[in-house]
Amino acid sequence: GWNMSNGMKIVKRFIDILSSVAILITTSPLLILSAVAIKLTSEGPVLFVQERVGEKGRVFKLYKFRTMIKDAEKYTGPVIAKADDPRITKVGKILRALRIDELPQLINVLKGDMSLIGPRPERPEFVEKFSKENPFYKYRHLLKPGITGLAQVLGNYDTEFENKLRLDLYYILNYSLMLDLKIIFLTIKTVLLGEG
């Protein structure tokens with residue numbers, strides 16, 4: 001069964017807030033630099049805001065640095081981004097490679113929409129599609145989605161949907177602070193080695 005106690009939830013939330021504030025402060029020069037680079041090199045807003053599905057199926061607005069051309073989906077409709085997507089800008093490529101584009105999600109963590117670690121939040125259109133394909137998919141929404149998670153550190157961009165789901169469900173069923181620490185460690189390793 002799923003066993004995240006209220007005590008664990010409080011500890012996880014406390015770690016989330018503390019870590020987010022610390023990371024935002026330490027990376028602030030990088031955040032400013034990224035914002036300026038985006039603004040100078042392509043037209044459109046600095047932040048990219050998109051609806052995602054969170055805990056208990058609640059829809060929230062997720063923040064990222066914009067890495068694609070303005071209105072990238074105007075003509076295609078919702079599509080899952082590929083690693084070598086032609087809509088990605090030059091600056092966007094760098095931000096994605098170094099995972100800097102994900103940093104504004106720390107604001108989502110502070111707002112309580114997300115946690116540092118958990119299943120990646122998907123878009124409503126895809127959640128609907130995946131839930132029809134797999135009845136277990138809805139269990140991903142038992143807890144807050146994360147900036148990083150088990151499926152991110154053990155899989156990569158092209159990992160099969162079923163395998164990612166298996167990893168997300170494993171995380172939910174076996175949740176512990178030790179597991180969170182392992183994922184943080186693996187995330188840092190992934191970013192530093194430029195894998196995934």
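## A tour starting at P104

Select P104 to begin: with a relative accessibility of 4%, P104 counts as buried, since the cut-off for buried is under 20%. The model on screen is a predicted one. P104 sits in the loop between α3 and α4.

Keep P104 selected and add K64. Their C-alpha atoms are 5.2 Å apart in space, although the two residues are 40 apart in sequence. Leaving out residues up to four places away in sequence, P104 touches L47, Y63, K64 and F65. Of the strands in this area, β1 covers 47-53 and β2 covers 59-65.

**The whole chain**

Now zoom out and colour by secondary structure. The protein has 8 helices and 4 strands, and from start to end they come in the order α-α-β-β-α-α-β-α-β-α-α-α. The radius of gyration is 16 Å, close to the 16 Å that the globule rule gives for 196 residues, so the protein is as compact as a globular protein of that length. Along the principal axes, the C-alpha atoms fill a box of roughly 50 × 40 × 30 Å.

Contacts can be shown next. Among those between residues at least 6 apart in sequence, 70% join residues at least 24 apart. The pair P104 and K64, at 40 residues apart, was one place to see chain segments meet.

**Surface and charge**

Switch on the surface. The protein exposes about 11200 Å², and carbon and sulfur atoms supply 67% of that area. Of the 196 residues, 41% count as buried. Colour the charged residues: there are 30 positive and 21 negative charges, and the mean positions of the two sets are 3 Å apart.

**The nonpolar core**

Hide the surface and select F65, Y171 and I183. These are the residues with the most contacts inside the largest nonpolar core, which has 32 residues. Helix α7, residues 161-173, gives the most to this core, with 4 residues. In soluble globular proteins, nonpolar side chains tend to be buried together.

Which residues does I183 touch, not counting those up to four places away in sequence? They are I117, T148, G149, L150, V153 and Y171. Y171 is therefore worth keeping on display, because Y171 is named with I183 among the residues with the most contacts inside the core.

Move to F65, which P104 touches. F65 is also in contact with S34. Select S34 in helix α2, residues 28-41. Is S34 buried or exposed? S34 is buried, with a relative accessible area of 5%. Setting aside neighbours within four places in sequence, the contacts of S34 are F65, L95 and I100.

**Two loop residues with positive phi**

Most residues other than glycine have a negative phi. Two stops go the other way.

- Select K56, in the loop between β1 and β2. Phi of K56 is near 55°, a positive value in a residue other than glycine. K56 counts as exposed, at 70% relative accessibility.
- Select R99, in the loop between α3 (90-97) and α4 (105-111). Phi of R99 is near 65°, again positive in a residue other than glycine. R99 counts as partly exposed, at 28% relative accessibility.

The loop that holds R99 runs between α3 and α4, and P104 lies in the loop between α3 and α4. Display R99 and P104 together to end the tour: R99 is partly exposed, whereas P104 is buried.

Methods:
Residues numbered from 1 in each chain as written. Predicted model: local features only at pLDDT ≥ 70, side-chain atom pairs only at ≥ 80, totals over all residues. Heavy atoms only, no water. Helix = DSSP H or I, 4+ residues; strand = E, 2+ residues; numbered from the N terminus. Rg over C-alpha atoms; globule rule 2.2 N^0.38 Å. Buried < 20%, exposed > 50% of the residue type's maximum accessible area, 1.4 Å probe, protein only. Contact = heavy atoms within 4.5 Å. Areas by Shrake-Rupley, 256 points an atom, 1.4 Å probe, with all protein chains shown as cover. Lys, Arg positive; Asp, Glu negative; His and termini not counted. Charge placed at Lys NZ, Arg CZ, Asp CG, Glu CD. Core = buried A, V, L, I, M, F, W, Y, C linked by side-chain atoms within 4.5 Å.
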